[in-house]
Amino acid sequence: MIPSEPAAEHLLSDDEVLRFISHGYHLVVPTFREGFNESICESIGEAGDGTGNGILEAVPLLQDVYNHPAVRGALVSLLGADYVMNGHRHLHINSPGSRSQGWHQDGTNVRHHQIWCLLGMYYPHDVVAERGPTMIMPGTHLRNAPTDRLQTYTNIDGQIPLAVKAGTVALTHYDLWHAATLNRTEHPRYMLKFLFDRQAVPSAPSWAYDAETVDQVSARRIREQVGPQGYSSDYYKEWELRTEMWQWMLGHDSSVPAGAFKDMLS
Ligand SMILES: O=C(O)CCC(=O)C(=O)O
Ligand SMILES: [Fe+2]
């Protein structure tokens with residue numbers, strides 16, 4: 001499948017982009033051809049663990065996941081039309097009887113509050129709660145955390161297990177806190193992790209921007225409370241960070257040089 005510009009219907013709305021800014025993730029549920037996810041599972045079983053960055057060569061069909069118009073629509077909306085797939089990717093096999101991972105943010109602990117990199121997690125089979133879903137904590141892409149302390153946290157009020165339907169692609173901000181959970185079933189849980197990089201500071205919205213309703217939508221989303229209810233001074237900081245990220249996405253702030261944060265991530 002040759003990727004082309006996503007049709008307008010596949011671009012995210014203002015509300016979806018703003019929801020990503022406040023929650024740090026967006027789920028895409030593409031409709032694949034009959035038997036597609038099953039074929040991927042079979043090929044993964046044959047390729048086995050240890051393919052590392054070679055998983056795309058081992059299972060070339062995976063390219064169709066990220067070329068799917070609904071997935072491309074979300075990627076273009078969040079990263080701009082010229083985004084690129086990063087060379088790092090990994091098949092995460094969560095085997096029966098595994099233990100939970102500690103909470104973590106991927107990469108070195110240099111965080112930023114723009115959208116330079118997305119983690120794309122594709123699940124080729126249904127993931128029920130018992131089959132070791134990835135746990136995420138919405139909103140934490142704006143919470144810088146010491147990695148050594150973070151891994152000692154256990155259950156957090158508001159955490160969400162990605163118990164999803166086969167074919168789901170979860171796009172998260174690179175800094176979102178997440179962890180694999182224990183697999184209580186007799187079947188391995190597969191997750192394909194691919195990274196996507198933004199190439200340039202936004203100069204204009206790359207999603208389905210609607211000038212008529214955008215102010216109303218943004219006012220609501222920027223102040224939305226994500227995570228545990230109750231007073232926290234962190235919320236005030238978060239509202240500022242969301243405002244800055246939104247202005248940046250709209251193309252109103254070019255003070256961050258292109259690539260400045262990408263260099264830190266690599
Ligand atoms: O397998 C998962 O659900 C998450 C794995 C993960 O986040 C990691 O190994 O960095
Ligand atoms: Fe991770």
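1. In this predicted model, L118 of strand 3 has F196 of strand 8 as its bridge partner. Strand 3 and strand 8 run antiparallel and are joined by six bridges.

2. Strand 3 also pairs with strand 6: the two run antiparallel, with five bridges between them. Here G120 is matched with L171, its bridge partner in strand 6.

3. How many of the six residues of strand 3 are buried? The count is six of six, so strand 3 is largely enclosed by the rest of the structure. In general, side chains in a regular strand alternate between the two faces of the sheet. Strand 3 has C117, L119 and M121 on one side, and L118, G120 and Y122 on the other; both faces are covered, and each of these residues is buried.

4. Which residues have the most contacts inside the largest nonpolar core? They are V17, L78, L118, L171 and L192, in a core of 52 residues. As a general matter, nonpolar side chains in soluble globular proteins tend to be buried together. L171 illustrates the links: apart from neighbours within four places in sequence, L171 is in contact with Y25, H26, V28, A74, L78, L118 and G120.

5. Helix 5, spanning residues 69-79, deserves attention alongside the strands. Eight of its eleven residues are buried, and the helix is mostly covered. The buried residues are V71, R72, G73, A74, L75, S77, L78 and L79. What covers them includes helix 1 (14-23), helix 4 (63-67), strand 1 (25-28), strand 3 (117-122), strand 6 (169-173) and strand 8 (189-197). After helix 5 comes G80, with a positive phi near 90°.

6. Where does ligand 1 sit, in terms of the residues around it? Ligand 1 is surrounded by H92, N94, D106, T134, H178, A180 and M191. Strand 2 (84-94) and strand 7 (178-180) are the elements that give two or more residues to this shell. By class, the shell around ligand 1 comprises four polar residues, two nonpolar and one charged.

7. On confidence, the chain has an average pLDDT of 92, and 94% of the residues score at least 70. The stretch 258-266 calls for caution, with pLDDT below 50. Beyond near neighbours in sequence, this stretch has twelve contacts in the model. Where pLDDT is low, predicted coordinates should not be read in detail.

Definitions and conventions:
Residues are numbered from 1 along each chain as its sequence is written. Chains are lettered from A and ligands numbered from 1 in the order in which they are written. This is a predicted model: local features need pLDDT of at least 70, side-chain atom pairs count only at pLDDT 80 or more; totals for chains, interfaces and linings use all residues. A nonpolar core is a set of buried Ala, Val, Leu, Ile, Met, Phe, Trp, Tyr and Cys residues joined through C-beta atoms within 7 Å. A residue is buried if 20 or more other C-beta atoms lie within 10 Å of its own, exposed if 12 or fewer, and partly exposed in between; C-beta atoms are placed from the backbone. Two residues are in contact if their C-beta atoms, placed from the backbone, lie within 7 Å. A residue is near a molecule or strand if its C-beta atom, placed from the backbone, lies within 6 Å of it. Helices (H or I, at least four residues) and strands (E, at least two) are DSSP runs, numbered from the N terminus. Ala, Val, Leu, Ile, Met, Phe, Trp, Tyr, Cys and Pro count as nonpolar, Asp, Glu, Lys and Arg as charged, and the others, Gly among them, as polar. Two strands pair if DSSP finds at least two bridges between them. pLDDT is the predictor's confidence in each residue, from 0 to 100.
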